[in-house]
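Good morning, and thank you for making time for this short presentation. I would like to take you through one model, from its overall layout to a few particular side chains. Please have the sequence and the structure in view.

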Amino acid sequence: MADSDRLARIATDPRYLALVGSRGRFTWTLTAVMLAAYFGFILLIAFDKSALARPIGAGVMSIGIPVGLGVILLAIGLTGLYVRRANRDYDALVQALAEDGAGDRAEDRAEDRGA
């Protein structure tokens, strides 16, 4: 019973609501960027293979190789960006919410013991 009350208090906490909203907007933005890059690359392969088949300089490597590598590096970069923001912004707020919840738990235990 106490756990459900604590969860209900956290779910209505303005800090928690701000965290959920901010993180949701950020992750959907990153998702949209990644999907646009990936599907743009796939659509370019599907509808204009010759654009990616052009060789770079006098070598044998086509332009599609660095573009494909760019899509992979973009995924890694976006992951790093999310981790950086999570460590900087989200983790501190989650920790504060958890500590407040732990304080509630200690108060609940004291009440249960009749203190």
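Let me begin with a residue in a helix: L35 belongs to helix α2, which covers residues 14–47. Please bear in mind throughout that this is a predicted model. L35 has a relative accessibility of 43%, and it is therefore classed as partly exposed. What does L35 form on the surface together with Y38, F39, I42, L43, I45 and F47? These residues make up a nonpolar patch, and their accessible area together is about 690 Å².

With that patch in mind, I turn to the protein as a whole. It contains 4 helices and 0 strands, and the pattern along the sequence reads α-α-α-α. How much of the protein is buried? Of its 115 residues, 17% are buried. The accessible surface amounts to about 8,200 Å², and carbon and sulfur atoms account for 66% of that surface. As for contacts, if we take those with a separation of 6 or more, 65% are between residues 24 or more positions apart.

I now come to the aromatic side chains. By way of background, a pair of aromatic rings is described by the distance of the centres and the angle of the planes. How many aromatic pairs does the structure hold? There are 3. One of them is formed by F26 and Y82, with 6.3 Å from centre to centre and 20 degrees between the planes, and this pair is stacked. The pair connects distant parts of the chain, since F26 is in helix α2 and Y82 is in helix α4, residues 64–112, with the two positions 56 residues apart. Are the two partners buried or exposed? F26 has a relative accessibility of 13% and so counts as buried, the cut-off for that class being under 20%. Y82, with a relative accessible area of 27%, is partly exposed.

Y82 also pairs with Y90: the ring centres are 6.3 Å apart and the planes stand at 45 degrees, so this pair is tilted. Why is it not called stacked? Stacked pairs need planes under 30 degrees apart, and edge-to-face pairs need over 60, so an angle that meets neither condition counts as tilted. Y90 is buried, because its relative accessible area is 5%. Taken together, F26, Y82 and Y90 are linked by ring pairs into a cluster. A charged side chain is found at this cluster as well: R85 lies over the face of F26, 4.2 Å from the ring centre.

My next topic is charge. In general, side chains of opposite charge can pair when their charged atoms come close. The structure holds 4 salt bridges. Which residues meet R15 in this way? One partner is D13, with 2.9 Å from N to O. The other bridge I would point out joins R15 to D100, at 2.4 Å from N to O. That second pair links distant parts of the chain, with D100 in helix α4 and R15 in helix α2, 85 residues apart. As to accessibility, R15 is partly exposed at 31%, D13 is buried at 16%, and D100 is partly exposed at 38%. Through shared partners, the salt bridges join D13, R15 and D100 into one network.

A further salt bridge connects D89 and R88, whose closest N and O atoms are 3.0 Å apart. D89 is partly exposed, with a relative accessible area of 31%.

Two other residues deserve a brief word. A96 is located in helix α4 and is partly exposed, with a relative accessible area of 23%. How far is A96 from R15 in space? The distance from C-alpha to C-alpha is 9.3 Å, although the two are 81 residues apart in sequence. L17 lies in helix α2, and its relative accessibility of 48% makes it partly exposed. If its neighbours within four places in sequence are set aside, L17 is in contact with A11 and T12.

To close, I would ask you to look once more at two groups: the ring cluster of F26, Y82 and Y90, and the salt-bridge network of D13, R15 and D100. Thank you for your attention.

Methods: Residues are numbered from 1 along each chain as its sequence is written. This is a predicted model: local features need pLDDT of at least 70, side-chain atom pairs count only at pLDDT 80 or more; totals for chains, interfaces and linings use all residues. Side-chain values use heavy atoms; hydrogens and water are left out. Patches are made of residues with over 30% relative accessible area and no salt bridge: like charges are joined within 9 Å, nonpolar side chains (Val, Leu, Ile, Met, Phe, Trp, Tyr) within 5 Å. Accessible areas come from the Shrake-Rupley method with a 1.4 Å probe; for residues, only the protein chains shown count as cover. A salt bridge is a side-chain nitrogen of Lys or Arg within 4 Å of a carboxyl oxygen of Asp or Glu. Buried means under 20% relative accessible area, exposed over 50%, partly exposed in between (1.4 Å probe, protein chains only). Contact means heavy atoms within 4.5 Å. Rings of Phe, Tyr and Trp (its six-membered ring) pair if their centres lie within 6.5 Å; planes under 30 degrees apart count as stacked, over 60 as edge-to-face and the rest as tilted. A charge sits over a ring if NZ of Lys or CZ of Arg is within 6 Å of the ring centre and within 35 degrees of the ring normal.
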